[in-house]
Amino acid sequence: MENVENMEYNTTRNHLIIREYGRHIQKMVEYVLTLEDREKRQKNAYALIELMGFLNPHLKNVEDFRHKLWDHLFLISDFKLDVDSPYPIPTRETLKAKPQQLAYPKRYPRYNHLGKNIEIVIDKALKEEDSEKRQGFANAIAYYMKLTYSNWHKELVHDDNIQTELSAITKGELEFNNRPFIKHRVDTSREEFVSNVGKYRKNFGGRNRSQGRDNQGGGGRDNRSNRNKFSKKRY
């Protein structure tokens, strides 16, 4: 009966701050808080850090994982642990501070079907002074323009249309000298469906109807006569 009376329930225990470390680590931290000798408290704090790292080996893959362990130690102690840390000691405000809101990039492309990145490449190509690199830029831009057109349309665009649009964008300063090859993505699902249906009909219509009746009837008239013969009761 003594063991039953000494049992603890979660409803009577204090709140578990970080569940990944378990109840025992939190009890050890509470014990370290009761130590008055600072040197002994510091020694136990280092032992707790090693134990916390051993219980959570996945933290070793995290950059500055020991810094994270020390932050967790102070968090479990409710920032009341008075020990020296090799890292800046966190406070309640620094750990729970909300990050600053990131500014959403507002970019308005002049040509929506090409996107904003192609405009950056075009501007870089126009500033290029080397003729060979400038021509390489033009060929790469033409390839990308043809690729985007193929992705959004069901027909393949001609190279003359690409050159016309490129000249309109760059005001005639860029011209590509290659023929960009794009493997056009054609929606062949309907064509494959029609061809498969045709094959099915061909195979289905090619069967011999008399043979089918023989298979269903089990031999035609001969089998029917045999069934009538065997169906009569013999005494």
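A polar contact is a pair of N or O atoms within 3.5 Å, where one must be able to donate a hydrogen and the other to accept it. I noted this before starting, and also that the model is predicted.

**Entry: T170**

I looked up T170 and found it in helix α8, residues 159–170. I asked whether T170 is buried or exposed. T170 has 3% relative accessibility, so T170 counts as buried, the cut-off for buried being under 20%. I then checked its side chain: a polar atom there lies 2.7 Å from the backbone oxygen of L166. Leaving out residues up to four places away in sequence, I found T170 touching I122 and L126.

**Entry: I120**

I turned to helix α6, residues 117–127, where I120 lies. I120 counts as partly exposed because its relative accessibility is 46%, and that class runs between 20% and 50%. I also took the C-alpha to C-alpha distance from I120 to P109, which is 10.0 Å. In sequence, I120 and P109 are 11 residues apart.

**Entry: α3 and α4**

Two packed helices are described by the angle between their axes and the distance between the axes. I looked up both values for helix α3, residues 38–55, and helix α4, residues 65–76. The angle is about 115° and the axes are 10 Å apart. I recorded the crossing of α3 past α4 as right-handed.

Which residues of α3 and α4 meet? On the α3 side I listed Q42, A45, Y46, L48, I49, E50, M52 and G53. On the α4 side I listed R66, L69, W70, H72, L73 and I76. Sorted by kind, the residues of this contact divide into nine nonpolar, three polar and two charged.

**Entry: nonpolar cores**

In soluble globular proteins, nonpolar side chains tend to be buried together. I looked for such sets here, and the largest nonpolar core has 17 residues. I noted those with the most contacts inside this core: Y21, I25, M52, W70, L73 and I76. Helices α2 (22–33), α3 and α4 each supply at least two of the core's residues. Which helix gives the most to this core? The helix is α4, with five residues.

I followed I76 further, leaving aside its neighbours within four places in sequence. I76 is in contact with I17, I18, Y21, I25, Q26, V29 and M52. Apart from the largest core lies another, of 14 residues. I wrote down some of its members, among them A142, M145, I162 and L174.

Conventions. Residues numbered from 1 in each chain as written. Predicted model: local features only at pLDDT ≥ 70, side-chain atom pairs only at ≥ 80, totals over all residues. Heavy atoms only, no water. Axes fitted to C-alpha atoms, helices over the stretch in contact; angles between N-to-C directions. Helix = DSSP H or I, 4+ residues; strand = E, 2+ residues; numbered from the N terminus. Left-handed = near helix turned anticlockwise from the far one by under 90°. Contact = heavy atoms within 4.5 Å. Nonpolar A, V, L, I, M, F, W, Y, C, P; charged D, E, K, R; others polar. Core = buried A, V, L, I, M, F, W, Y, C linked by side-chain atoms within 4.5 Å. Buried < 20%, exposed > 50% of the residue type's maximum accessible area, 1.4 Å probe, protein only.
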